[in-house]
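Subject: Structure handover and findings

Dear colleague,

Please find below the structure that I am handing over to you. My notes on it follow the model, and I would be grateful if you read the two side by side.

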Amino acid sequence: MVIRVLTAAVASALLAGCVSVGPNYQAPPAQPVVLQGAAAPVFSTTSPVASWWAQFDDPVLEQLVHDALGDNLDLRIAMARVREARAVFVEQRLDQLPHVTSGGSYDRRKQPDLTAGGERVFSETYQLGFDAGWELDLFGRQRRAAEAARADLGAEQDNLADAQVTVAAEVARNYFELRGTQKRIEVAKRTLVNLRDTQKLTETRWDLGAGSELDVQSSRARLKAIEADIPLLEVAEVQSRHRLAVLLGQRPDALDTLLEPRDAAPYAKALPLGDTTDLLRQRADVRVAERRLAAATARVGVATADLFPRISLSGFVGFLSGDASGLVNGNNKAWSVTPSISWAAFDFGTVKARLRASKAQADGAAAEYEKAVLLALEDTENALTRYAKQQARLAIVAEQAQAARRAEQLAQIRYREGSEDFLTLLDAQRTQLAADDALAAAESTVNVSVVGVYKALGGWGQQQDATPPAVAGTMR
């Protein structure tokens, strides 16, 4: 009965042509996305005119991102994985074709010859020619394996695109955090100058009998508190410089000259978002999850094909002789053809267990895709909201800083005139420093939020501008 079923299955496959068993993959439909946060007035629907980091008009930032996309070590790792996946795909595709190898052998032996009464006979055999082997892919096992390898290649290409987005965003984020820290250091040092003048004034008033030791010691305490904060800010500055250098694939101290302090104005225009309805196709991490799902689905087909027999052909064409001197003589030509069939007819338990495992992996990949979609939507909405709120906060902090500076000026005048005590001046100076420091941090945070928006949008336009030539033309 088993032989009849096997014969019928093979005959049907040969008559109908090769089939690919298992599920045929269909990509999940990408529905248009409507982002609630994009309706805020701080955004516009126009598209950026260039790569997103060019919106800041900062040549140093543009140079850093350009260098990072060319030299970052994480990108080199990702490109190596793309090359590896491409090689695996080519190998899987070639497995569908006959494999031909050339070789030669020499066999020398002495063994009993039963036809000669058990007498030990000496023999030599020389062989030279081509061996060929081919598995007839009747049920699509090799085709499904190649399909999975193609999807794995697509996933690695999208992983590379995701790494490019991440590297560019990390460079920009660290750059603006560096500029924010440098400005906070500048604010602290400028405050020190004012506090030293105040310190001298309190000492002079005490010497003249118009002040008190309390004023002198309070002024000195405030001065030392600011001096103690500066080393912590300088540590953060050095760490940001070192992080940027490593992101560019360089030694930590390689960018010290390039990253000397300079102003980095906060982004103050309506942020262009372009068309956000195609967000899920723009996000490389979502595309990676989709390709992983395609690969897992194809591997279900590979496991399903193991339920059916494998038919192979092997053969030899060449020369066979007992004398090396006449090996390539026409009379020594030889050939052989060997068909073979294998089937796990008595091991279906193991095969079905592998099939159940592959189906479970596909179910998990489907869940991973759905998770990637939800996380992408969450990430983007959070980034849009964060930027809008940070812009609103920046306007408030700017007004606070302006009022604090004016209050400090008035307190200085009134203290010098003797109409206000020193504690009023000290409080005004403390408020001014806090407001100026908050303003510097808020300006940096706004720019970092811009980076977060473009990263959440999948690095708007970045893949077209930044994909390395060695990878841009790979097959999907």
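The notes below go from the whole chain to the helix packing and then to three single residues.

Overall form

Please bear in mind that this is a predicted model. The protein chain contains 11 helices and six strands. Its radius of gyration is 37 Å, whereas a compact globule of 476 residues would have a value near 23 Å. The C-alpha trace spans about 135 × 50 × 40 Å along the principal axes. As to burial, 41% of the 476 residues count as buried. Of the contacts between residues at least 6 apart in sequence, 83% join residues at least 24 apart.

Helix packing

Two packed helices are described by the angle between their axes and by the distance between those axes. Three pairs are described here in that way.

The pair α4 and α5 comprises residues 141–207 and residues 213–247 respectively. Their axes lie 8 Å apart, at an angle of about 160°. Angles over 145 degrees count as roughly antiparallel, and α4 and α5 are therefore roughly antiparallel to each other. The crossing of α4 past α5 is left-handed. The residues of this contact comprise 16 nonpolar, eight polar and 14 charged.

Helix α4 also packs with α7, which covers residues 284–305. Here the angle is about 165° and the axes are again separated by 8 Å. α4 and α7 are therefore roughly antiparallel to each other, and their crossing is left-handed. The contact of α4 with α7 is made up of 12 nonpolar, three polar and 12 charged residues.

The third pair joins α5 to α9, the helix of residues 422–456. The axes of α5 and α9 come within 10 Å and cross at roughly 10°. Since angles under 35 degrees count as roughly parallel, α5 and α9 are therefore roughly parallel to each other. On the α5 side the contact involves D215, S218, S219, R222 and I226, and these meet F422, L426, R430 and L433 in α9. By class, this contact has four nonpolar, two polar and three charged residues.

Individual residues

L271 belongs to strand β4, which consists of residues 271–272. Its relative accessible area is 0%, so L271 is buried. Leaving aside neighbours within four places in sequence, L271 is in contact with V42, F43, S44, Y387, V450, V453 and Y454. The C-alpha atoms of L271 and Q55 are 8.9 Å apart, although 216 residues separate the two along the chain.

L136 lies in strand β3, residues 119–136. Beyond its neighbours within four places in sequence, L136 is in contact with I311 and L313. L136 and Y175 are 39 residues apart in sequence, and the distance between their C-alpha atoms is 58 Å.

D57 is found in the loop between β1 (43–44) and α2 (59–71). D57 is not a glycine, yet its phi is positive, at about 55°. With a relative accessibility of 60%, D57 counts as exposed.

Should you wish to follow these points in the model, the residue numbers quoted above may serve as a guide.

With kind regards

Terms used. Residues numbered from 1 in each chain as written. Predicted model: local features only at pLDDT ≥ 70, side-chain atom pairs only at ≥ 80, totals over all residues. Heavy atoms only, no water. Axes fitted to C-alpha atoms, helices over the stretch in contact; angles between N-to-C directions. Helix = DSSP H or I, 4+ residues; strand = E, 2+ residues; numbered from the N terminus. Parallel < 35°, antiparallel > 145°, perpendicular 65-115°, else oblique. Left-handed = near helix turned anticlockwise from the far one by under 90°. Nonpolar A, V, L, I, M, F, W, Y, C, P; charged D, E, K, R; others polar. Rg over C-alpha atoms; globule rule 2.2 N^0.38 Å. Buried < 20%, exposed > 50% of the residue type's maximum accessible area, 1.4 Å probe, protein only. Contact = heavy atoms within 4.5 Å.
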